[in-house]
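These are my notebook entries on a structure that I looked up strand by strand. I began with the pairing of strands, turned to a single residue, and ended with the core.

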Amino acid sequence: TARHVATEGGFRLVVSHDGFRHLPGEPFHQRSFHVTDDEVTILDFVAGQAPHQISIGFLLHPDAEVELTGSTARISRGSAAIELTSDAPISVEDAFWWADMGAELPTRRLRLTPPEGTKEVRSAITILAGAPA
């Protein structure tokens, strides 16, 4: 399901799915985005009848550069730069990006992994510099 609401200076989008209901405790995932001119705040919430291990991935473009410091990742590509902060630890892992059918390119993924039993993870993406050239 999805809901969209205009706010002063941006919008809020709330989406949810029950694709994990087959797991023990029948977890239900809801993600909300609050978007303004220079920041996107993301709130992931998992409800269910048992503690679960939440893991959130953000796939990066193959040309993106990443500097990781604790729970802050600075991502840049050309003259564009953003910063992702989270209340969960952030790591970088190898991944693949499929730009087109049969076009597999190596890249990286940011992985947010809070402690087991965490039900809510807050992250923010802040724009630091303009669009890539």
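How many residues stand between β3 and β4 in the hairpin that they form? I note beforehand that the model is predicted. I counted three residues between β3 and β4 in this hairpin.

**Entry 1: the partners of β3.** I looked up the bridges on both sides of strand β3, which covers residues 28-35. Strand β4 (residues 39-47) runs antiparallel to β3, and eight bridges join the two. Strand β2 (residues 10-17) also pairs with β3 in the antiparallel sense, over seven bridges. To follow one bridge of each pairing, I recorded that Leu13 has Phe33 in β3 as its bridge partner, and that His29 stands opposite Val46 in β4.

**Entry 2: His29.** I then examined His29, which lies in β3. Is His29 buried or exposed? Its relative accessible area is 16%, and the limit for a buried residue is under 20%, so I entered His29 as buried. I next searched for polar partners and found that the side chains of His29 and Asp44 are joined by a polar contact of 2.7 Å. Neighbours within four places in sequence left aside, I listed the contacts of His29 as Val15, Ser16, His17, Phe20, Asp44, Phe45 and Val46.

**Entry 3: an open sheet.** I traced a sheet of three strands, which is open, is paired antiparallel and has the order β5-β10-β9. Why do β5 (56-59) and β9 (90-100) each have one side without a neighbour in the sheet? Both stand at the edges with a single partner strand each, so one side of each remains free of a neighbour in the sheet. Neighbouring strands of this sheet are turned against each other by 35 degrees on average, direction ignored. I found ten bridges in the antiparallel pairing of β9 with strand β10 (residues 103-112). Within this pairing I noted Val92, which stands opposite Leu110 in β10.

**Entry 4: the nonpolar core.** Which residues of the largest nonpolar core touch the most other members? The core has 15 residues, and those with the most such contacts are Ile56, Phe58, Ile75, Leu84, Leu110, Leu112 and Val121. At least two residues of this core come from each of β4, β5, β7 (72-77) and β10. I added a general remark: nonpolar side chains tend to be buried together in soluble globular proteins. Finally, I looked up Ile75 and, leaving aside neighbours within four places in sequence, found contacts that include Leu60, Val66, Ile82, Leu84 and Leu110.

Definitions and conventions: Residues are numbered from 1 along each chain as its sequence is written. This is a predicted model: local features need pLDDT of at least 70, side-chain atom pairs count only at pLDDT 80 or more; totals for chains, interfaces and linings use all residues. Side-chain values use heavy atoms; hydrogens and water are left out. Helices (H or I, at least four residues) and strands (E, at least two) are DSSP runs, numbered from the N terminus. Buried means under 20% relative accessible area, exposed over 50%, partly exposed in between (1.4 Å probe, protein chains only). A polar contact is a pair of N or O atoms within 3.5 Å; within protein, one must be able to donate a hydrogen and the other to accept it, and residues adjacent in sequence count only if both atoms are side-chain atoms. Contact means heavy atoms within 4.5 Å. Two strands pair if DSSP finds at least two bridges between them. Axes are lines fitted to C-alpha atoms, for helices over the stretch in contact, and angles run from 0 to 180 degrees between N-to-C directions. A nonpolar core is a set of buried Ala, Val, Leu, Ile, Met, Phe, Trp, Tyr and Cys residues joined through side-chain atoms within 4.5 Å.
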